[in-house]
Amino acid sequence: MKDIVEQFPEPRPAYTTTSTLLKRMCDKDYIGFERLGRDKLYYPVLNKNDYFSTQVNGMIRHFFNDSKSQFASFFTKNADLSMQELEELQELLQKKINKKRSK
């Protein structure tokens with residue numbers, strides 16, 4: 001716990017606050033821990049991509065009527081993407097289209 005709290009800039013959160021957040025993350029199976037004497041060694045259980053995917057899908061469900069195309073439309077209209085970023089998105093979409101067509 002001490003090592004985690006020390007990673008924060010001043011003013012650091014209270015140990016009790018950090019402990020509560022860690023417990024909640026353990027309860028949700030985002031992280032796990034090993035006991036090392038009186039201490040605990042925390043480690044990730046849920047990988048970043050799975051977590052991010054769950055959060056984005058929840059946002060699409062709640063804010064865009066479960067429509068991925070509405071989300072994509074909103075994102076492309078409001079994200080102020082550069083030409084390079086738009087071309088990268090176009091390439092990703094074309095690859096996905098080709099993959100779906102080949103099935």
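# Reasons behind the labels

Tutor: Pro-11 is placed in the loop between helix H1 (2-6) and H2. The model is a predicted one.

Student: What kind of peptide bond joins Glu-10 and Pro-11?

Tutor: The bond between Glu-10 and Pro-11 is cis, with omega about -10°. Most peptide bonds are trans.

Student: Where does Thr-18 lie, and why does Thr-18 count as buried?

Tutor: Thr-18 is part of helix H2 (residues 15-27). Its relative accessibility is 7%, and buried means under 20%, so Thr-18 counts as buried.

Student: Which residues does Thr-18 touch, not counting residues up to four places away in sequence?

Tutor: With that exclusion, Thr-18 touches Met-1, Ile-4, Val-5 and Pro-13.

Student: Why is Lys-28 called exposed?

Tutor: Lys-28, in the loop between H2 and S1, has a relative accessible area of 55%. The label exposed needs a value over 50%, so Lys-28 is exposed. From Lys-28 to Val-45 the C-alpha to C-alpha distance is 9.8 Å, with their positions 17 residues apart in sequence counted as separation.

Student: What makes strand S1 and strand S2 a pair?

Tutor: Strand S1 (residues 31-36) and strand S2 (residues 39-44) share six bridges, in the antiparallel sense. Pairing requires at least two bridges, so S1 and S2 count as paired. Gly-32 is opposite Tyr-43 in S2, and Glu-34 is opposite Leu-41 in S2. S1 and S2 form a hairpin with two residues between them. Gly-37, in the turn, has a positive phi of about 70°.

Student: How do you know that the charged end of Lys-40 sits over the ring of Phe-33?

Tutor: The charged end of Lys-40 is 4.5 Å from the centre of the Phe-33 ring. The distance cut-off is within 6 Å, and the charge must also be within 35 degrees of the ring normal. The charged end of Lys-40 is classed as sitting over the ring of Phe-33.

Student: How many aromatic pairs does a search of the whole structure find?

Tutor: The search finds five aromatic pairs. In one of them, the ring centres of Phe-64 and Phe-74 are 5.4 Å apart and the planes are at 50°. Centres must lie within 6.5 Å for a pair, and the angle is neither under 30 degrees nor over 60, so the pair is tilted.

Student: What parts of the chain does this pair link?

Tutor: Phe-64 is in the loop between helix H3 (48-63) and helix H4 (68-78), and Phe-74 is in helix H4, 10 residues apart. Phe-64, at 12% relative accessibility, falls under the 20% limit and so counts as buried. Phe-74, at 44%, lies between the 20% and 50% limits and so counts as partly exposed.

Student: Why is the pair of Phe-71 and Phe-75 called stacked?

Tutor: Its ring centres are 6.3 Å apart and its planes are at 25°. Stacked applies to planes under 30 degrees apart, so this pair is stacked. Phe-71 and Phe-75 both belong to helix H4, four residues apart, about one turn of the helix. Residues three or four places apart in an α-helix point the same way, because there are 3.6 residues a turn. Phe-71 is partly exposed at 21%, and Phe-75 is partly exposed at 36%. Ring pairs join Phe-64, Phe-71, Phe-74 and Phe-75 into a cluster.

Student: What makes Ser-67 buried?

Tutor: Ser-67 has a relative accessible area of 16%, and the limit is under 20%, so Ser-67 is buried. Ser-67 lies in the loop between H3 and H4. Its side chain makes a polar contact with the side chain of Ser-69 at 3.1 Å, and the cut-off is within 3.5 Å.

Student: What is the sign of phi in Asp-66 and in Asp-80?

Tutor: Phi is positive in Asp-66, near 60°, and positive in Asp-80, near 50°. Most residues other than glycine have a negative phi. Asp-66 is in the loop between H3 and H4, and Asp-80 is in the loop between H4 and H5. At 49%, Asp-66 counts as partly exposed. At 72%, Asp-80 is over 50% and so counts as exposed.

Student: How do you know that the span of helix H5 agrees with the expected value?

Tutor: At 1.5 Å a residue, the 19 residues of helix H5 (residues 83-101) should span 27 Å, and the end C-alpha atoms are 27 Å apart, so the two agree. The number of buried residues among the 19 is zero, so H5 lies largely in the open.

Terms used: Residues are numbered from 1 along each chain as its sequence is written. This is a predicted model: local features need pLDDT of at least 70, side-chain atom pairs count only at pLDDT 80 or more; totals for chains, interfaces and linings use all residues. Side-chain values use heavy atoms; hydrogens and water are left out. Rings of Phe, Tyr and Trp (its six-membered ring) pair if their centres lie within 6.5 Å; planes under 30 degrees apart count as stacked, over 60 as edge-to-face and the rest as tilted. Buried means under 20% relative accessible area, exposed over 50%, partly exposed in between (1.4 Å probe, protein chains only). A polar contact is a pair of N or O atoms within 3.5 Å; within protein, one must be able to donate a hydrogen and the other to accept it, and residues adjacent in sequence count only if both atoms are side-chain atoms. Contact means heavy atoms within 4.5 Å. The expected span of a helix is 1.5 Å times one less than its number of residues.
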